[in-house]
Amino acid sequence: MRVKKQKRHRRAVRFYTACFGFRDPFKILCDGTFVHHLLANRITPADTALANTLGAPVKIFTTRCVLAELRSLGDSYSDSLNAARNLIAARCDHEKRKSAVACIMDVIGENNPEHFFVATQDAELRKKFQEIPGVPVIYGLRNALFLERPSTFQHEFAKTAEEERSHMTDLEYKMLKVKKKRVSTEETRDSSDANEENEENIFETQDIKSKVKRNKIDTKDKVQFKRKKAKGPNPLSCKKKKSDTSTHATSGKGGNVDNNTRSRSRKRKRSRKSKSTTELNV
């Protein structure tokens with residue numbers, strides 16, 4: 001039985017921590033009936049007993065209205081009053097003193113912003129808190145402490161809250177629109193800058209081409225003088241070189257001419273000698 005009870009308590013604590021944001025050390029708001037039950041059944045120390053039921057360290061609170069109610073009940077509740085004075089006083093904003101039930105309802109409010117566990121023995125108060133989302137209730141039975149299971153209303157509220165979290169709120173939708181507009185404007189700026197750079201590059205290339213064309217036109221318009229090329233030597237002033245074959249041929253021909261002239265001169269001498277001899281003989 002103890003193991004099943006602990007599992008049930010751990011399951012309920014996980015539900016409240018996951019769906020409603022409860023964190024340890026857990027804060028427990030006690031009324032006078034619960035403090036009196038702890039003392040009557042000798043459930044001491046109370047913080048260790050509550051920590052064992054919830055499986056985490058706890059801080060125990062009460063209110064000034066609860067202390068005033070215990071004081072008004074007389075000497076029979078003096079021990080409960082002394083024990084409640086040792087607890088941490090939770091802040092209640094109402095000026096005039098109220099009943100303990102009304103004070104605790106004011107502290108819890110509509111959605112339990114302080115994330116209190118309410119510890120009470122009042123059955124009607126426990127039923128009221130079952131209809132408020134995110135309010136776990138602790139009660140005592142003899143010398144044992146129990147954590148009530150989350151009600152069906154609390155389960156349905158947790159489901160609807162999860163569905164709402166999955167969808168965007170109006171404010172988030174507006175913020176998303178603003179971010180999209182910013183991104184689109186930045187993209188258009190970047191694209192415009194890129195287009196301007198491309199246009200500048202195009203204009204620069206066109207300027208360069210136009211300058212090149214102008215230079216070409218200017219060179220065409222200018223008077224172009226022909227450069228004087230280096231001329232060769234005068235063919236009349238220089239003789240052609242004779243080749244080896246021509247030299248040999250000319251040398252052979254010259255030898256023949258000399259021989260002919262010599263033979264002719266010899267013949268003339270011989271004829272002269274013969275004439276002179278004939279004249280002498282005569």
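Here are some exercises with worked solutions on this predicted model.

**Exercise 1. Lay out the sheet**

Task: Work out in what order the six strands of the open sheet lie, and which strands stand at the edges.

Solution:
- Start with the order. The six strands run 3-2-1-4-5-6 across an open sheet, and their pairing is mixed.
- Now look at the ends of that order. Strand 3 (88–89) and strand 6 (144–147) are the edge strands. Each has a single partner strand, so one side of each is left without a neighbour in the sheet.
- Finish with one pair. Strand 4 (residues 116–119) and strand 5 (residues 137–141) are joined over two bridges in the parallel sense. Within strand 5, I138 is the bridge partner of A119.

**Exercise 2. Place two helices on the sheet**

Task: Find which strands helix 1 touches, and do likewise for helix 2.

Solution:
- Take helix 1 (residues 2–20) to begin with. This helix packs on the sheet, where it touches strand 1 (26–30) and strand 6. The direction of helix 1 makes about 40 degrees with that of strand 6.
- Move on to helix 2 (residues 32–40). Its contacts on the sheet are with strand 1, strand 4, strand 5 and strand 6. Measure its direction against strand 5 in your viewer, and you should find about 35 degrees.

**Exercise 3. Explore the nonpolar cores**

Task: Identify the residues with the most contacts inside the largest nonpolar core, and the element that gives the most to this core.

Solution:
- The largest nonpolar core has 27 residues. Those with the most contacts inside it are F26, I28, F34, L50, L54, F117 and I138.
- Two or more residues come from each of helix 1, strand 1, helix 2, helix 3 (46–54), strand 2 (58–62), strand 4 and strand 6. Helix 1 gives the most, with six residues.
- Zoom in on I28. Beyond its neighbours within four places in sequence, its contacts include L50, L54, F117 and I138.
- There is also a second, separate core of 22 residues, with A90, A100, C103 and V107 among them.

**Exercise 4. Check the cysteines**

Task: Explain why C92 is not bonded to C103, and state whether C65 is buried or exposed.

Solution:
- Search the whole structure for disulfides, and the total is zero.
- For C65, the nearest cysteine sulfur belongs to C103 and is 3.7 Å away. A disulfide needs sulfur atoms within 2.5 Å, so C65 is in none.
- For C92, the closest cysteine sulfur is also in C103, at 4.1 Å, which is too far for a bond.
- Lastly, check accessibility. C65 is buried, at a relative accessible area of 3%, and C92 counts as buried at 6%.

Methods:
Residues numbered from 1 in each chain as written. Predicted model: local features only at pLDDT ≥ 70, side-chain atom pairs only at ≥ 80, totals over all residues. Heavy atoms only, no water. Pairing = 2+ DSSP bridges. Helix = DSSP H or I, 4+ residues; strand = E, 2+ residues; numbered from the N terminus. Contact = heavy atoms within 4.5 Å. Axes fitted to C-alpha atoms, helices over the stretch in contact; angles between N-to-C directions. Core = buried A, V, L, I, M, F, W, Y, C linked by side-chain atoms within 4.5 Å. Buried < 20%, exposed > 50% of the residue type's maximum accessible area, 1.4 Å probe, protein only.
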